[in-house]
Amino acid sequence: MENSFETLIASYIENNVGIANHFISDELANHLKENLLSLNEKHLLLTAGTGNADKLIHNTAIRNDVIYWLDKKHNNQYENEFFEKIEAFISYLNQECFAGITDYEFHYSLYEKGSFYRKHLDQFQDNTSRQFSMISYLNADWNIEDGGELLIHNEGKNQKIAPTQGKTVFFKSNELAHEVLVTNERRMSVTGWLKRG
């Protein structure tokens with residue numbers, strides 16, 4: 001487990017973008033994907049917006065994915081397994097990097113064919129609690145022609161990251177603008193933030 005944590009942190013230190021290709025196992029990814037698809041069939045995913053609390057805006061010209069917030073109260077075995085992994089990573093990150101992370105929040109994200117999310121930052125202007133963004137992908141057999149890459153604008157260089165199953169991406173929420181390019185296939189992930197304060 002610590003190998004994937006160290007891979008994520010080391011690549012973040014080197015590039016401002018941490019990538020670990022096998023942060024979550026195929027088995028866990030498959031269970032999370034099955035759960036996401038079941039929730040979607042029950043019409044429990046909601047249209048995603050931008051902003052927080054009273055400033056939430058729904059604009060399909062900016063983003064048109066659907067989401068479902070994860071919560072320990074759901075008592076889902078596989079979501080809880082994912083949470084345990086995240087909590088272990090936070091403990092490791094705080095110990096090794098003195099990050100001071102005290103909380104987290106995650107949701108499923110589903111992009112149907114033709115969906116996207118335009119260039120943005122993850123930290124709100126009026127709330128700086130989000131410190132790091134983390135995305136874990138649930139897409140087996142993803143091909144280059146499927147599109148849907150995460151495009152990160154990193155110090156004038158564009159970095160495209162394919163959303164392949166098991167891969168986790170990690171970066172500072174207030175530093176790197178990024179976008180989800182138009183996907184040509186259904187694209188799934190667990191997306192969230194490590195928080196402070």
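User: What radius of gyration does the protein have, set against a compact globule of 197 residues?

Analyst: This is a predicted model, in which local features need pLDDT of at least 70, side-chain atom pairs count only at pLDDT 80 or more, and totals for chains, interfaces and linings use all residues. Residues are numbered from 1 along each chain as its sequence is written, and side-chain values use heavy atoms, with hydrogens and water left out. The radius is taken over C-alpha atoms, and the globule rule is 2.2 Å times the number of residues to the power 0.38. For 197 residues a compact globule would come near 16 Å, and the protein agrees because its own value is 16 Å.

User: Which pattern of helices and strands does the protein follow along the sequence?

Analyst: Helices (H or I, at least four residues) and strands (E, at least two) are DSSP runs, numbered from the N terminus. The protein has three helices and 11 strands. Read along the sequence, the pattern is α-β-α-β-β-α-β-β-β-β-β-β-β-β.

User: What kind of aromatic pair do Tyr12 and Phe170 form?

Analyst: Rings of Phe, Tyr and Trp (its six-membered ring) pair if their centres lie within 6.5 Å; planes under 30 degrees apart count as stacked, over 60 as edge-to-face and the rest as tilted. By this rule there are 14 aromatic pairs. For Tyr12 and Phe170, the centres are 5.4 Å apart and the planes make 70°, a pair that is edge-to-face.

User: How many residues apart are Tyr12 and Phe170?

Analyst: Tyr12 lies in helix H1 (residues 2–15) and Phe170 in strand S9 (residues 168–172). Both residues are buried, meaning under 20% relative accessible area, where exposed is over 50% and partly exposed is in between (1.4 Å probe, protein chains only). The pair links distant parts of the chain, with a separation of 158 residues.

User: Why is the pair of Phe82 and Phe83 classed as it is?

Analyst: Phe82 has a relative accessible area of 0% and is buried; Phe83, at 3%, is also buried. Their ring centres are 6.5 Å apart and the planes stand at 55°, so the class is tilted.

User: Which residue has its charged end over the ring of Phe23?

Analyst: A charge sits over a ring if NZ of Lys or CZ of Arg is within 6 Å of the ring centre and within 35 degrees of the ring normal. Phe23 belongs to a cluster linked by ring pairs, together with Phe5, Tyr12, Phe89, Tyr92, Phe132 and Phe170. At 5.1 Å from the ring centre of Phe23, the charged end is that of Lys85.
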